[in-house]
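Got the viewer open? Let's walk through this one stop at a time, selecting as we go.

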Amino acid sequence: MQSDTNHSNDNGAKEATKPSRLATSLPAPNRLARRSFLRNLGLGAALLAPGAALLSSSSKALAKNGNGKKNNALNPGDVAILQLLAAAELIETDLWQQYNELGGVNAPDSGYKAGLVILDGDQPQYIADNTDDEVSHAAFLNAYLKSKGEKQVDLSHFATLLPSQVSFVPQTGRITNLKQLSVDTSWWTRYRSTTNPDFGATFADAVPSLRTDQQGRPSFHTAIPRDNSELGDPNNPSDHVKAIAFTAGFHFGYIEQGGTSLYATLAQKVTSLEVLRILISIGGSEIMHFQTWQDKAGNATPLTDFDPINNSTVTFEDLTTGQPETLQSNLIMPEPCEFISPNLPACAIIRPSGPGQLDATGVINSFIADGLFRGQSAEFIELIKSLARAADAADREDVD
């Protein structure tokens, strides 16, 4: 679990700005035809059902419904879990929309998009689909909460961070910062190892320079082009542009492995069988996302690049040949490991999933350490931490 550190005042605070200073939004890219049901529902970045209103304090992110309690009302623990997951999906939606604007199937051709295609020819399509999946998750969880007379989650008033300054990107405020990331790539070695973090195992980073420099200090990297100069030539992307795309490729896997373990962990705490069905069903989708990105990231080609803006250097090695099993790129199925008890046979599983490993607080702390909220307000950090604490405090109730 990452340390409980508030990064809201880090050197990236200059990214924050008031909504009134943001330029007028450009039209968003058209949705894919196969996902047109989302467009037809009128779902945008806020992902709130009609009628949701902000409250007056930091809890204003929970929008109250007027439906009232029903006979099939949820217990408080299940509500807390659903609200935390709705917040997490809104956060994921925000970051995936940024990736989709610049590298999705409908994004203009660029060196950045060409760099993503090095990882896989279908990468732009996968990015677009992952984006739409997260939109659907957030919309469903909020709508389900409303149907039960519970408060929905609205993070739209925290969308104050500057987006990429690339000319075709809508200049609307964002919740997440993809320009100063410190990416944990230990998930790569974890799933190729025969050991389990639930039993205390630790894992090295597959790309150490994405998280720390040679002195062991955090290093910061952009996963999206910051302006037009970093879009690059679509026919001949530079190593710098490819490094940005490859950073995104490993960040994709980092984000989705967190959701994979989070749903598995929180599913053990819910009481309602219907809520359990929701968690294992959405969690299964997160697993499919993670499997896709873990299969693609290892196709990054060898290079070393220095970023003068973040004052950081990243080195990508060839993971396709001559690597030990813990780094080998085509070992994308989880290796069997200890599970439940060391006295039982090794088993191929999602991991971690044990209490106190990657629970809700652990996921939020890892997002903070990742730099995803660099420049966000202290109010936002406290809000998502409080939602995580409430979800972790949930306990399965006995039901007749």
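Start by selecting Ala128, which sits in helix 4 (residues 123-147); helices (H or I, at least four residues) and strands (E, at least two) are DSSP runs, numbered from the N terminus. Ala128 is buried at 3% relative accessible area, where buried means under 20%, exposed over 50% and partly exposed in between (1.4 Å probe, protein chains only). Now add Val105: the two C-alphas are 6.2 Å apart, although 23 residues separate Ala128 and Val105 in sequence.

Some ground rules before moving on: this is a predicted model, with local features needing pLDDT of at least 70, side-chain atom pairs counting only at pLDDT 80 or more, and totals for chains, interfaces and linings using all residues. Numbering runs from 1 along each chain as its sequence is written, and side-chain values use heavy atoms, with hydrogens and water left out.

Next, select Tyr99, Tyr112, Leu155, Phe250, Leu279 and Phe316. These have the most contacts inside the largest nonpolar core, which has 87 residues. Such a core is a set of buried Ala, Val, Leu, Ile, Met, Phe, Trp, Tyr and Cys residues joined through side-chain atoms within 4.5 Å. Helix 6 (residues 239-267) supplies the largest share of this core, 14 residues. Zoom in on Tyr99: beyond its neighbours within four places in sequence, its contacts (heavy atoms within 4.5 Å) include Tyr112, Ile127, Leu178 and Phe252.

Now for the charges. The whole structure has 12 salt bridges, each a side-chain nitrogen of Lys or Arg within 4 Å of a carboxyl oxygen of Asp or Glu. Pick Glu101 and Arg174, whose closest N and O atoms are 3.1 Å apart. Glu101 belongs to helix 2 (residues 76-103) and Arg174 to the loop between strand 2 (152-153) and helix 5 (186-190), so this pair ties together parts 73 residues apart in sequence. Both ends are buried: Glu101 at 11% and Arg174 at 4%.

For contrast, try Arg217 and Asp213, a salt bridge at 2.9 Å. Here Arg217 is partly exposed at 49%, and so is Asp213 at 26%.

Then select Asp120, Asp295 and Lys296, which are linked in a salt-bridge network. Asp295 and Lys296 meet at 3.3 Å, N to O.

Last stop: the cysteines. How many disulfides does the structure hold? Zero, taking a disulfide as a pair of cysteine sulfur atoms within 2.5 Å. Select Cys347 and Cys337: the sulfur of Cys347 is 7.5 Å from that of Cys337, its closest cysteine sulfur, too far for a bond. Cys337 is buried at 1%, whereas Cys347 is partly exposed at 33%.
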